[in-house]
Amino acid sequence: MSGPRPGGVEAPAAHARRRVPERLDVRPLDRFRSFKVKLGILVGVSVTVAALLTQVSIRAGIEPLLSLPLVVIAALVSTQLLARGMTSPLRQMTAAAQAMARGDYSGPVRATSRDEVGQLAEAFSVMAAELEQTDRTRRDLVANVSHELRTPVAGLRAQLENLVDGVTEPDPAALEVALTETERLSQLVDHLLDLSRLDAGVIHLDLEEVELTPFLHEVVDAAALAAGGRDVRWIVDVDPPDLSVAADAARLHQVIHNLLENAARHSPAGGRIHISASRTGEDDGVRIDVDDEGPGIAREDRDRVFERFQRGGAADSSGGTGLGLAIARWAVGLHGGTIEVLDDPRSTGAQEGRSSLIRVVIPDPGPVA
Ligand SMILES: Nc1ncnc2c1ncn2[C@@H]1O[C@H](COP(=O)(O)OP(=O)(O)OP(=O)(O)O)[C@@H](O)[C@H]1O
Ligand SMILES: [Mg+2]
């Protein structure tokens with residue numbers, strides 16, 4: 001059989017490094033799931049080989065002094081053949097762990113057996129992949145944060161220099177520019193604080209029964225204020241009107257606010273932003289949909305936009321940090337819920353696979369009858 005056996009783990013590079021041809025790479029004990037059983041078989045086979053050879057040499061009249069080394073060598077060879085691959089994953093894991101300590105996560109761990117060593121190698125490979133991912137995320141985060149902080153700081157500095165040098169008059173318009181950059185900075189810092197709390201896992205949910213009609217109107221008011229004079233129309237539709245959900249109101253506010261802010265930012269002038277809430281089809285939770293009349297999110301970006309610092313192709317120049325949806329996904333996840341971009345045939349860009357419809361589902365068993 002070629003390729004890894006069930007339960008086996010094999011990095012692609014392992015094939016290239018293999019010194020034994022596939023045809024000769026026989027591992028007779030791989031099928032056994034227990035290391036102890038393998039050891040038992042090894043002992044049994046080598047003792048049997050030794051006993052048989054001793055018998056044969058006695059019958060052939062060979063001197064015990066001559067036959068003993070031969071018997072020992074034969075027992076060792078049979079053990080070696082049977083034990084092929086039993087401990088190599090352990091050696092590979094040692095080498096891979098040493099490489100990981102140096103920041104190199106590429107070391108392959110090849111295990112074809114299904115026993116405890118094979119399972120350990122499999123867990124090791126999963127752990128190595130996760131560590132690599134975490135390490136990459138950390139590096140990206142530091143690089144992105146530095147970059148994101150530099151942009152508003154540079155803008156602010158340039159504006160202040162112009163003011164100090166007398167190039168720009170200190171009129172309200174010039175101060176407005178400085179204020180906008182400062183707001184960007186403080187928004188970024190707020191987001192980063194949220195993310196660091198997220199990573200530290202220190203946020204606890206303060207669950208309460210949130211009545212959605214007044215709640216959504218409140219979020220709309222806050223988002224309309226944040227959207228400044230942007231010309232959009234907000235439509236809130238809660239079915240039934242007294243619908244409520246068990247959630248952390250502050251976190252849910254943050255989620256919906258982020259969605260409304262995005263919707264307002266991407267809406268055309270005079271566009272409608274539709275916010276609707278109802279119980280899910282399966283009646284196991286509450287869904288809140290936010291939809292706008294903007295260009296929407298491309299199908300290939302639907303997962304990516306929920307990652308930190310990721311902006312879709314339609315990123316606007318008004319200065320989003322690319323953190324809003326990542327934080328929203330985390331806050332929804334804290335509730336055990338989901339957030340995703342759904343297909344929406346009514347979306348402006350539906351023909352090209354784009355959609356503006358984002359659905360949040362918060363699990364809620366509903367009022368006990
Ligand atoms: N309603 C929408 N219509 C079109 N594109 C959207 C919409 N919502 C989000 N996006 C895309 O998803 C990207 C990620 O959104 P997210 O809210 O995470 O970041 P942001 O709005 O750019 O910045 P931030 O929310 O941190 O200020 C946006 O940059 C945008 O390209
Ligand atoms: Mg946003």
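This report describes the fold, burial and salt bridges of a predicted model.

## Overall make-up and confidence

The chain has 369 residues, and 38% of them are buried. Nine helices and seven strands are present. The accessible surface of the chain comes to about 21,200 Å². Carbon and sulfur atoms hold 58% of that surface. Among contacts with a separation of 6 or more, 71% join residues that lie 24 or more positions apart.

The mean pLDDT is 83. A value of 70 or more is reached by 88% of the residues. Residues 1–18 have a pLDDT below 50. In the model, this stretch has 33 contacts beyond near neighbours in sequence.

## The five-stranded sheet

Five strands form an open sheet with mixed pairing. Their order is E2-E4-E5-E7-E6. Strands E2 (232–238) and E6 (338–341) stand at the edges. Each has a single partner strand, so one side of each lacks a neighbour in the sheet. On average, neighbouring strands are turned by 15 degrees against each other, with direction ignored.

Helix H7 (residues 212–226) packs on this sheet. H7 touches E2, E4 and E5. The direction of H7 makes about 165 degrees with that of E2.

## Strand pairs within the sheet

Strands of a sheet pair through backbone hydrogen bonds, in a parallel or an antiparallel sense. Strand E4 (residues 271–279) runs antiparallel to strand E5 (residues 285–291). Six bridges join the two. One bridge partner in E5 is Asp291, which pairs with His274.

E6 and strand E7 (residues 358–363) also pair in the antiparallel sense, over four bridges. Thr338 stands opposite Val361 in E7. E6 has two faces of opposite character. Ile339 and Val341 make up the covered face. Thr338 and Glu340 make up the uncovered one.

## Val238 in edge strand E2

Val238 belongs to strand E2. Its relative accessible area is 12%, under the 20% limit, so Val238 counts as buried. What does Val238 touch, leaving out residues up to four places away in sequence? The contacts are Leu212, Thr213, Leu216, Leu243 and Ala277.

Ala277 is 39 residues from Val238 along the chain. The C-alpha atoms of the two are nevertheless separated by 4.8 Å.

## Helix H9

Is helix H9 (residues 324–334) largely enclosed or largely open? Eight of its 11 residues are buried, so the rest of the structure largely encloses H9. The buried set is Gly324, Leu325, Ala326, Ile327, Ala328, Trp330, Ala331 and Val332. Just after H9 comes Gly336, with a positive phi of about 80 degrees.

## Salt bridges

The count of salt bridges comes to 12. One of them lies within helix H5 (residues 116–164) and links Glu161 to Arg157. The closest N and O atoms of this pair are 3.1 Å apart. Glu161 and Arg157 are four residues apart in the helix, so about one helical turn separates them. Glu161 is partly exposed at 38% relative accessibility. Arg157 is exposed, with a relative accessible area of 56%.

Another salt bridge joins the side chains of Arg359 and Asp289, at 2.8 Å from N to O. Arg359 lies in strand E7 and Asp289 in strand E5, so the pair ties together parts that are 70 residues apart in sequence. Burial sets the two residues apart. Arg359 is partly exposed at 24% relative accessible area. Asp289 is buried, at 8% relative accessibility.

## Loops and a shared network

Arg299 forms a salt bridge with Asp343. The closest N and O atoms are 2.8 Å apart. Arg299 sits in the loop between E5 and H9. Asp343 sits in the loop between E6 and E7. The pair therefore ties together parts that are 44 residues apart in sequence. Arg299 is partly exposed, at 46% relative accessibility.

Which residues are joined into one network by salt bridges that share partners? Arg287, Asp289 and Arg359 are.

Definitions and conventions: Residues numbered from 1 in each chain as written. Chains lettered and ligands numbered in written order. Heavy atoms only, no water. Pairing = 2+ DSSP bridges. Axes fitted to C-alpha atoms, helices over the stretch in contact; angles between N-to-C directions. Contact = heavy atoms within 4.5 Å. Buried < 20%, exposed > 50% of the residue type's maximum accessible area, 1.4 Å probe, protein only. Areas by Shrake-Rupley, 256 points an atom, 1.4 Å probe, with all protein chains shown as cover. pLDDT = per-residue confidence, 0-100. Salt bridge = Lys/Arg side-chain N within 4 Å of Asp/Glu carboxyl O.
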